[in-house]
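Trainee: I would like to go through the labels on this model one by one. For each, I want the value and the rule behind the label.

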Amino acid sequence: MAKWVVGSAWPYVNTVPHLGNLVGSVLSADVFARYLRLKGEDVLLVSGSDEHGTPIEVEAKKRGVEPKELTDKVHAYVKKLFEEYLISFDNYTRTHNPVHIKFVQDIFMKIYRNGYIFTESMIMPYCPKDKMFLPDRFTVGRCPYCGAPDARGDQCERCGKLLDPPDLVNPRCAFCGSRPIWKKTKHWFFDLPRAAEGLVEWLERSSLPDNVKKFTLNWIKEGLTPRAVTRDNKWGIPAPFPGAEGKTIYVWFEAVLGYLSAVKELDEKNGTNLFEQFWKDTKSRPVYFIGKDNIPFHSIILPALLRATGEEYPLPYNISATEYLMYEGQKFSKRRRIGVWIDEALELVPNPDYWRFALIRMRPEERDTNFTWREFYRIVNSELNDDIGNFAHRVLTFIERRFGGSVKGKVDEEVKEKIRELHEKFVEAMDKIRLKEASGYVLEMARLGNKYLNEKEPWRLLKEGKEREARDVLYTTLFILREVALHLAPFAPLAAEKLWRMIGEEGSVHERGRLGESGREPPERIGKPEPLFHKLPKDFLEKVDQLLEEARRKVEKRRPI
RNA sequence: AGCGGGGUAGGGCAGCCUGGUAGCCCGCGGGGCUCAUAACCCCGAGGUCGGUGGUUCAAAUCCACCCCCCGCUACCA
């Protein structure tokens with residue numbers, strides 16, 4: 001039995017996550033973690049709010065509150081939302097917690113002592129009025145190429161040219177508009193090229209997915225360079241290096257360490273010894289769920305950081321980097337209000353199973369995919385409700401009405417064999433983290449059941465007095481239903497549990513190791529049949545824009561940001 | 001601009017690595033069944049696989065160039 005640390009990218013709390021964020025990281029990680037538990041593996045699912053960095057500091061400043069005050073609220077809000085989506089975190093924590101802060105400082109001091117940190121001086125724009133160094137994008141001015149008046153220091157949005165702050169004509173501070181001065185500052189750099197030595201060999205031999213492997217190898221081929229790990233921000237983790245007072249650790253270099261500190265935090269809370277078991281054993285298996293923009297931080301930088309401590313940590317066992325979910329053909333955009341945010345989604349359609357299943361069915365595993373309402377409607381109404389829900393209902397009501405709720409017979413061998421094949425395909429896909437593909441096999445099970453029922457026509461058998469044959473047929477479809485519940489569990493936990501009870505099973509379908517019971521015969525006595533799902537109304541597609549507007553208005557009142 | 005990923009029936013996607021009658025779901029047309037939440041099952045129509053050129057007996061699949069979309073490109077997370 002392996003030890004798995006399943007980590008999902010840490011949501012940055014300057015905003016509420018949208019559906020694309022959800023499917024790319026947290027939801028996918030949860031589905032995978034649930035699958036592993038179902039297989040009987042030892043799993044820790046961890047993530048948390050990424051709350052340091054300039055954008056938060058700026059937002060807090062704008063509101064006249066302390067950054068902590070702001071992130072307290074957003075963290076609580078987002079954490080509750082993930083609970084509503086039934087994300088089964090073992091620890092959903094935050095980067096501004098004492099355990100993480102100390103852990104990060106310890107790690108960086110080890111790296112420092114091992115000689116992977118050096119300093120370099122640089123000249124940066126500094127706003128005398130706000131008393132802070134200005135990150136590139138917070139210095140604005142006239143673009144030297146196209147003359148746009150509000151070009152940012154990193155790039156001109158009008159002509160797309162990449163800039164450096166000194167290029168700007170009449171530069172000014174993005175917050176107060178005053179003219180920045182150029183001031184010398186010192187930063188601490190991480191010697192990534194040295195720390196990453198040997199990682200190429202690991203990568204080439206690793207079984208990481210093609211997109212991650214290729215991207216990373218290419219990234220390395222283009223040449224690794226030392227990266228600045230300190231910032232002149234106030235809001236963040238104080239850099240522990242001698243002489244670095246007033247500096248903080250760049251968020252990217254500390255948030256990824258949260259996968260480790262989150263486990264440490266569990267130990268401190270519960271007096272357990274999980275960190276040793278899950279993080280200090282090189283045979284344990286860290287798996288990360290991230291978006292495609294995030295690959296090198298997980299495939300290179302985190303491993304290099306850990307390696308530079310001189311201690312032994314497991315390398316990434318797998319990294320599932322999804323492409324992007326688009327919204328009706330466009331990019332999700334907070335500013336332009338394009339898309340659906342996770343609080344609005346539940347306000348609009350309150351059942352988390354519907355969103356979970358639909359999002360996994362649209363999961364951008366190989367390429368960008370498109371969230372469309374039409375597709376959402378199709379998945380909920382036709383896949384969940386008709387194929388699965390109605391199959392369950394027709395089987396169970398038939399057993400209730402014609403057999404008084406109890407049936408026992410012989411399970412069709414051919415069906416058993418087909419289910420076994422689907423189960424194997426399911427496991428294979430899941431192991432490769434092809435969650436969308438795996439969800440398809442659950443549907444195939446239900447379709448197999450529907451087809452079997454249509455072909456065998458037990459209602460006709462009863463009329464012809466062939467009661468024993470009818471019993472065999474119904475017991476066989478009950479067998480299929482049991483498999484549907486089992487395999488649906490990671491995707492739609494509520495419905496799977498309900499179905500599990502309705503077929504008369506004991507305990508919870510989510511019990512550890514339950515997937516190993518695939519192929520067993522179902523109980524004889526069923527529970528009370530009830531519809532598993534309900535369709536979205538026929539006029540849903542015509543009304544959805546209006547409904548979304550209403551949901552958005554409601555949700556915005558309680559949103560902290 | 002450079003690098004990476006992608007462009008396959010009306011919609012959503014798989015196939016491409018390991019060339020050889022183009023596949024799945026929805027929608028549409030026809031039929032069947034009546035146990036079921038007007039659900040289910042079967043049959044059918046619909047694609048010159050972004051464009052051009054090349055390699056090959058044979059290309060969605062390999063190569064080159066072009067067009068469009070997405071991401072990354074060191075202080076934005």
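Mentor: Start with burial. Buried means under 20% relative accessible area, exposed means over 50%, and partly exposed lies in between. Keep in mind that this is a predicted model.

Trainee: Why is cysteine 127 called buried?

Mentor: Its relative accessibility is 0%. The cut-off is under 20%, so cysteine 127 counts as buried.

Trainee: What makes cysteine 173 buried or exposed?

Mentor: Cysteine 173 has a relative accessible area of 2%. That is under 20%, so cysteine 173 is buried.

Trainee: How do you know that cysteine 173 is in no disulfide?

Mentor: Look at the sulfur distance. The nearest cysteine sulfur to that of cysteine 173 belongs to cysteine 127, and it is 3.8 Å away. A disulfide needs the two sulfur atoms within 2.5 Å. Cysteine 173 is therefore in no disulfide.

Trainee: How many disulfides does the rule give?

Mentor: The count comes to 0.

Trainee: Now the helices. Why are α2 and α3 called roughly perpendicular?

Mentor: The axes of α2 (residues 54-63) and α3 (residues 67-84) cross at roughly 105° and come within 8 Å. Angles of 65 to 115 degrees count as roughly perpendicular. That makes α2 roughly perpendicular to α3.

Trainee: Which residues meet there?

Mentor: From α2, Ile56, Glu59, Ala60 and Arg63. From α3, Pro67, Leu70 and Thr71. By class, this contact of α2 with α3 has 4 nonpolar, 1 polar and 2 charged residues.

Trainee: And what makes α15 and α16 roughly antiparallel?

Mentor: Helix α15 (residues 413-431) and helix α16 (residues 435-456) pack at about 170°, with axes 7 Å apart. Over 145 degrees counts as roughly antiparallel. So α15 and α16 get that label.

Trainee: Which residues make this contact?

Mentor: On the α15 side, they include Val415, Ile419, Leu422, Phe426 and Met430. On the α16 side, they include Leu435, Ala438, Tyr441, Met445 and Leu448. The class tally for α15 with α16 is 13 nonpolar, 1 polar and 4 charged residues.

Trainee: What about the core? Which residues have the most contacts inside the largest nonpolar core?

Mentor: Trp373 and Phe376, in a core of 120 residues. Helix α14 (residues 373-403) gives the most to this core, with 14 residues. Beyond its neighbours within four places in sequence, tryptophan 373 is in contact with Tyr327, Glu328, Val340, Leu348, Trp355, Phe540, Leu541, Val544 and Leu548. A second, separate core has 58 residues, among them Ala9, Trp279, Phe297 and Leu305.

Trainee: Why is tryptophan 188 called buried?

Mentor: Tryptophan 188 has a relative accessible area of 2%. The limit is 20%, so tryptophan 188 is buried. It sits in strand β9 (residues 181-190). Its contacts beyond four places in sequence include Ile117, Phe118, Arg227, Phe241, Pro242 and Lys247.

Trainee: How do you know that isoleucine 107 is buried?

Mentor: Isoleucine 107 has 1% relative accessibility. Under 20% is the test, so isoleucine 107 counts as buried. It lies in helix α4 (residues 98-113). Not counting residues up to four places away in sequence, isoleucine 107 touches Leu257, Thr309 and Tyr313.

Trainee: What makes leucine 86 partly exposed?

Mentor: Its relative accessibility is 23%. That falls between the 20% and 50% cut-offs, so leucine 86 counts as partly exposed. Leucine 86 is in the loop between α3 and β3 (91-94). Its contacts outside the four-place window are Asp30, Arg34, Pro352, Asp353, Arg356, Pro493 and Leu494. Its phi is near 65°, a positive value in a residue other than glycine.

Trainee: Which phi does glutamate 457 have?

Mentor: A positive one, about 45°, although glutamate 457 is not a glycine. Glutamate 457 is in the loop between α16 and α17 (458-463).

Trainee: And why is glutamate 457 called partly exposed?

Mentor: Set its relative accessible area of 28% against the 20% and 50% limits. The value lies in between, so glutamate 457 is partly exposed.

Terms used. Residues numbered from 1 in each chain as written. Chains lettered and ligands numbered in written order. Predicted model: local features only at pLDDT ≥ 70, side-chain atom pairs only at ≥ 80, totals over all residues. Heavy atoms only, no water. Axes fitted to C-alpha atoms, helices over the stretch in contact; angles between N-to-C directions. Helix = DSSP H or I, 4+ residues; strand = E, 2+ residues; numbered from the N terminus. Parallel < 35°, antiparallel > 145°, perpendicular 65-115°, else oblique. Contact = heavy atoms within 4.5 Å. Nonpolar A, V, L, I, M, F, W, Y, C, P; charged D, E, K, R; others polar. Core = buried A, V, L, I, M, F, W, Y, C linked by side-chain atoms within 4.5 Å. Buried < 20%, exposed > 50% of the residue type's maximum accessible area, 1.4 Å probe, protein only.
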